[in-house]
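The questions below ask how some descriptive terms come to be applied to a structure. Each answer sets a value against its definition.

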Amino acid sequence: MTALLAKLLGSSTEDFDKLNTHEKALLRPVFVWGRGFYLTVAFLALIFGFGVFAYLTQLRDGLAATGMRDTVSWGLYIINFVFFIGISHVGALLSSILRLTGAKWRHPITRMAESITFAALLFGALMPIIDLGRPERMFNLIFSGRIQSPILWDIISITTYLAGSSLFLLLPLIPDMALLRDKFIHAPAWRRWIYRILSFGWTGTPEQHARLDRAMNTMAVLILPIAVMVHTVVSWIFAMTLRPGWNSTIFGPYFVAGALASGAASVVLAMVVFRKMYRLEEFITLKHFKYMAALVLTLNLAYIYFNISEYVTLAYKMEGAEKAVLASLFSGQFAGLFWMTQVLGLIVPAFLLVLPMIKPMTWIKRLRVLPPMLLAAISALFLGASLATSFFNTFIGFDPSLVALAFLLGGLAFGGWATLTLIPWLQARPIPTFVIAAALIVIQAWLKRFIIVVPVLEQPFITDAAFEGALYNPTWVEWGITAGALAGFLLVYLILSRMVPIVSVWETKHGEVEETVSGPAHALPQPAGVSSPEV
Amino acid sequence: MEDRRLNRRDFLKLTSLGAAAALAPKAEAALRAAIKPLVANGPHPGDNGGGAHRWVMVIDLARCDGCGECTKACSAMHLVPPGQEWIKVYNIEHEGLAASHFFPRPCMQCDNPPCVNVCPVGASYKRSDGIVLIDQEVCIGCRFCMAACPYSARYFNWAEPPHTARELSQSYSVETNIPHRKGVVEKCLFCPALTSKGELPACVTGCPMGAIYFGDENENAVTNSLGETLSLSDFLHDGAAHRHLEELGTEPRVWYLPPRTQSTSTQSQPSAVLLSGLEG
């Protein structure tokens, strides 16, 4: 079975054996497709297929198949749209800014970032179309489109960005395509055809190199304003309405900062997965994680700043139309989600990103680590006591506020102790720590979009006395399409990484890796269990 | 190699020049057609203008007893799909006070309509007689207008609306929105099918209290179901009229008289109302 697939789709150990060491280190995933890859593809395709099935159900039943109704008229699809477009920002950021500033350490990770951009844009752009009540009329957007509508701005900027970032991905691929064209001679015909077409007659002459360099510089300059514009107009879909919570002048930069932070965090996740899966330890080193962590930290802090700007200015006044929305976020229906995204998704990652970069704090090591049994016992105590409190509160009518305070203080002390004893463990393991932070930021990014879209719609301007907030419960159709889109995104990303080297062969060839390896700016303790070839 | 590339470039230049020259008149026409949607809220193909009228509605909240007959009359007239109330009667509570009043909310037919501004395809448009209409044959169902409308006046057909033979027998018109369709947005229309015949909208006729007045701003007159015809400007002035969420700048064409006003006749002076309020 695997052999047949290999013949049809493209494995050739024969060609692979003829490669040099550098090429072998990077091209194994392209030349040799194994069972693990096919199984992963099949698994993702299954989820994607489920998403397609969910969409067909929606086509048949109309948007009534979703949890959206007249009050909350936008839901998961618009949330996914903003999330995917946000994730897509990182390709432009890394490749463009790092290229323009001449940061050579970028080479092993730029293609990873640009591929995220490409795949995320595909599915991000699909989301508003899935959200349409009349998808068959979507070409009205072109033939009778009104340029005054922010939706048209989105269409223009996203298609421009998709075209631009595809070019930006493709340009530095040309020499690698030529390499595959020349060395992967036993590839199946369709893959040989792709490599031949997309290498555009590349022979590696100095003139071609000069032209490629010029083209990439031009694209690096062009793509930056487009990337900023894209997420700005995405935010303007909301900010151009009168709705409290959306009607905000800082929405453009607020969304751009959030998009960049989530995009950079998703690159950290991609780095750790590819590093492990494709054995790229030689190319993606601790140094790259450290630099990316610094970037994620900067963007995350910027996003925290925008969150403070957005919420504190409104919360101080706590008046007018904003009051109901803020109340639902701070202490109402969405309070759990809101504080979770703010604390676990923004503040905790900031600390996690900092920890491995600072000197180990020796005094912390002297703290006694709580034994697991004690941890479990205290947790059970807290859980039981909180259940008991809510029981007393409900049935006996006793005021739990003092008990709640005791719980809060006890919880803080207990949590604080547990956190402090965790610090040495985290400091000794920089890559896992960065990855936890990145994962928290990416999850936060999606939940934050939910917080931005749904609570605002649940608080209309005019409310009836009988109105108790319009609950939005996404249905299996919406979750299915969301899962399908995520699987589709991963599928495109995975297949891309198997069609071409996910780390550029020609850009890492001329010793750039060794060059970047010269001493890190700040001393880092050599962590146990993490091999870092550059130290 | 070098020669071939130059040739190709020249060839491309020549062909594009030639094409531009040949297509110039056509291109101009196409450009004009394309630019038409760029005109802000410009005339819509389906816009017959509604004549020289400027329709306006006045709702006297003091007369509204919340019976909901306006909603029923509207739904019967427009065969409104279930779950939608094109004119919806809210019971508005005043926070912290044991007081509430009824508030019928039709579409405000704003003169600066947020829904029309954001519509990506021009399906929502403003007519010269002041009415905001939706062309359900153009609407793509993006629901941006619903997000933009501060009055929650717009409804979406989430599923295929239940049809009757009577409904399906009519041919579609933007002035009736019948037959109703799946996947598009609908709302109160100010009954252009009735006003063009000189009749009052269904909700106005249906209101047993005579709380809803309708008329033409150009004629400076509004009429209710009880046959009371009043001078619009005097009426609005004496009754201390306001428009809902005035501060948003949407400039609605629906005016409200305050719920405390005891009499809606033109004789009642605001000062008298105030005094009676103070004494009471």
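Buried means under 20% relative accessible area, exposed means over 50%, and partly exposed covers what lies in between, with a 1.4 Å probe and protein chains only. This is a predicted model in which local features need pLDDT of at least 70 and side-chain atom pairs count only at pLDDT 80 or more, while totals for chains, interfaces and linings use all residues. Residues are numbered from 1 along each chain as its sequence is written, chains are lettered from A and ligands numbered from 1 in the order in which they are written, and side-chain values use heavy atoms, with hydrogens and water left out.

Q: Why is A:Glu23 called buried?
A: The relative accessible area of A:Glu23 is 2%, and the limit for buried is under 20%, so the term applies to A:Glu23.

Q: What makes A:Glu23 and A:Lys183 a salt bridge?
A: The term requires a side-chain nitrogen of Lys or Arg within 4 Å of a carboxyl oxygen of Asp or Glu, and the closest N and O atoms of this pair are 3.1 Å apart. A:Glu23 lies in helix 3 and A:Lys183 in helix 10 of chain A, so the salt bridge ties together parts 160 residues apart in sequence; helices here are DSSP runs (H or I, at least four residues), numbered from the N terminus.

Q: Why is A:Lys183 called partly exposed?
A: A:Lys183 has a relative accessible area of 33%, which falls between the two limits and therefore counts as partly exposed.

Note on methods
Helix = DSSP H or I, 4+ residues; strand = E, 2+ residues; numbered from the N terminus.
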